[in-house]
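Trainee: Could you take me through one part of this model in detail, looking at how a single helix sits among its neighbours? I would like to follow it residue by residue.

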Amino acid sequence: MHILDIVQNSIVADASRIEVIIKEDLSENLFQIEINDNGKGISPEVLENITDPFLTSRTTRPVGMGLPLFKEAAERCDGELIINSQLAEGTELKVVFKHDHIDRAPLGDIKGTLISLIALNPQIDFLYKHIYKKDSLKNNNNNNNYFILDTAELKKELEDVDINQKEVLNWIAEFIKEGLKELYGGDC
């Protein structure tokens with residue numbers, strides 16, 4: 001739910017490319033979610049109070065709970081939320097959790113989340129990268145313990161076929177399912 005909510009912020013910020021990067025490093029006890037975009041960015045004044053629930057760009061209601069709840073979830077798991085942004089360049093959000101913390105929520109249905117985002121926003125390029133390491137990420141960056149889905153690359157291959165056609169979305173869902181299964185060594 002948090003990923004969908006934060007990506008929605010990127011969509012509202014007119015991003016044309018959004019990256020969702022998940023890093024799991026069991027030896028470092030790290031679970032990290034990064035969401036980066038090339039949207040319009042956040043002003044320093046807004047960025048300073050970005051986790052205040054009463055500071056929101058929403059027009060439907062006067063509160064925004066996405067970032068405050070995400071920050072609370074990270075801090076509850078001995079982690080943190082870090083946001084960097086530049087106007088007209090984009091925003092980088094990183095949320096760090098202790099991997100084995102009892103209060104860390106599971107990742108959830110990332111395949112369904114990505115399919116929904118791609119289906120509803122075919123004009124946006126999404127990069128999904130998931131890294132899973134039993135050994136330290138610092139020492140094993142050359143292992144094939146990662147999965148990547150880049151819709152910009154898929155669109156090049158599809159040429160005139162829309163990425164949000166049912167058959168293409170079914171193929172992407174299966175690609176993600178098999179990629180994550182292989183990433184976790186068949187334990188997905």
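Mentor: Happy to! Let's take helix H6, whose buried residues are covered by, among others, helix H4 (110-120), strand E5 (125-133), strand E6 (146-150) and helix H5 (151-158). Please keep in mind that this is a predicted model.

H6 itself runs over residues 166-183. At 1.5 Å a residue, its 18 residues should span 26 Å, and the C-alpha atoms at its ends are 25 Å apart, which agrees. Which of its residues are buried? They are Val168, Leu169, Ile172, Ala173, Ile176, Gly179, Leu180 and Leu183. Looking down the axis of H6, you find these buried residues within an arc of 140°, so they line one face of the helix. The general reason for such a pattern is that an α-helix has 3.6 residues a turn, so residues three or four places apart point the same way. On the other side of H6, the exposed residues are Lys166, Glu167 and Glu182. After H6 comes Gly185, with a positive phi near 70°.

Now for the neighbours, starting with H4. Leu114 belongs to this helix, and it is buried, with a relative accessible area of 3%. If you set aside the neighbours within four places in sequence, Leu114 is in contact with Tyr128 and with Ile176, the latter being one of the buried residues of H6. Another link to H6 is Ala173: its C-alpha atom is separated from that of Leu114 by 8.5 Å, although the two residues are 59 residues apart along the chain.

H4 also has helix H1 (residues 2-12) packed against it, at an angle of about 20° and with the axes 11 Å apart. Angles under 35 degrees count as roughly parallel, and H1 and H4 are therefore roughly parallel to each other. Their crossing is right-handed. On the H1 side, Ile3, Leu4, Val7 and Ile11 meet Ile110, Thr113 and Leu117 of H4.

H5 is the other helix to look at here. Its residues Thr151, Ala152 and Leu154 are buried. Around the axis they cover an arc of only 160°, which puts them on the same side of H5. On the other side, Lys156 and Glu157 are exposed. The buried residues of H5 pack against H6, H4, E5 and E6, and also against strand E1 (17-25).

To put it together, H4, E5, E6 and H5 are among the elements covering the buried residues of H6, while Lys166, Glu167 and Glu182 are exposed on the other side of H6.

Notes: Residues numbered from 1 in each chain as written. Predicted model: local features only at pLDDT ≥ 70, side-chain atom pairs only at ≥ 80, totals over all residues. Heavy atoms only, no water. Helix = DSSP H or I, 4+ residues; strand = E, 2+ residues; numbered from the N terminus. Expected span 1.5 Å × (residues − 1). Buried < 20%, exposed > 50% of the residue type's maximum accessible area, 1.4 Å probe, protein only. Arc of directions from axis to C-beta. Contact = heavy atoms within 4.5 Å. Axes fitted to C-alpha atoms, helices over the stretch in contact; angles between N-to-C directions. Parallel < 35°, antiparallel > 145°, perpendicular 65-115°, else oblique. Left-handed = near helix turned anticlockwise from the far one by under 90°.
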